[in-house]
Amino acid sequence: ILRTVAAAVPPPPGAQPATRWGTEEVVAGLLGDGVTDVRSVTSTVTQRFTDGAGFADLFLTYYGPTFAAASRLDDQGRAALRADLIALAESHDRGEGDGLVCDWEYRIVTATRR
């Protein structure tokens, strides 16, 4: 989703990609010497939406990066971003026929403070 948003509105100068938090090694480096025992687990959550438009509208209304990006666009730009988000959602639909069903992977990272 962040890649789709960045195609419409480039991130602010100096912004770091959220994907850099994707490995234990990078997280350990970002957290610095103040932590030990950095561990992570990856899991999947199933998300259900009425349709791709419902997905797009949720993220354009409530998800900070998407909301902020859309606020920097004119009406035509917001409509194009919404269309791109709908296409993104539909491309990940499991195709179960009852609304839009997507599996999202996420990572939980834990660390111990020294």
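Is T66 buried or exposed? In this predicted model, T66 has a relative accessible area of 0% and is therefore buried, since the limit for a buried residue is under 20%. T66 belongs to helix α4, which covers residues 64-71. Beyond its neighbours within four places in sequence, T66 makes contact with I1, V5, F59, L60 and L85.

One of these partners, F59, leads on to the aromatic residues. The structure contains 6 aromatic pairs. Among them, F49 and F55 meet edge-to-face, with 5.3 Å from centre to centre and 85 degrees between the planes. F55 also pairs with F59, this time in a tilted arrangement with 4.8 Å between the centres and 40 degrees between the planes. F55 and F59 are separated by about one helical turn, because they lie 4 residues apart in helix α3 (residues 52-62).

Burial is a recurring theme for these rings. F49 has a relative accessible area of 12% and is buried, and F55 counts as buried at 4%. F59 is buried as well, as is its partner F55. Taken together, ring pairs join F49, F55, F59, Y63 and W104 into a cluster.

The surface offers another view of the model. Here W21, V26, L30 and L31 make up a nonpolar patch, and their accessible area together is about 320 Å². Within this patch, L30 sits in helix α2, which spans residues 24-31. With a relative accessible area of 34%, L30 is partly exposed, whereas T66 is buried at 0%.

How values were computed. Residues are numbered from 1 along each chain as its sequence is written. This is a predicted model: local features need pLDDT of at least 70, side-chain atom pairs count only at pLDDT 80 or more; totals for chains, interfaces and linings use all residues. Side-chain values use heavy atoms; hydrogens and water are left out. Helices (H or I, at least four residues) and strands (E, at least two) are DSSP runs, numbered from the N terminus. Buried means under 20% relative accessible area, exposed over 50%, partly exposed in between (1.4 Å probe, protein chains only). Contact means heavy atoms within 4.5 Å. Patches are made of residues with over 30% relative accessible area and no salt bridge: like charges are joined within 9 Å, nonpolar side chains (Val, Leu, Ile, Met, Phe, Trp, Tyr) within 5 Å. Accessible areas come from the Shrake-Rupley method with a 1.4 Å probe; for residues, only the protein chains shown count as cover. A salt bridge is a side-chain nitrogen of Lys or Arg within 4 Å of a carboxyl oxygen of Asp or Glu. Rings of Phe, Tyr and Trp (its six-membered ring) pair if their centres lie within 6.5 Å; planes under 30 degrees apart count as stacked, over 60 as edge-to-face and the rest as tilted.
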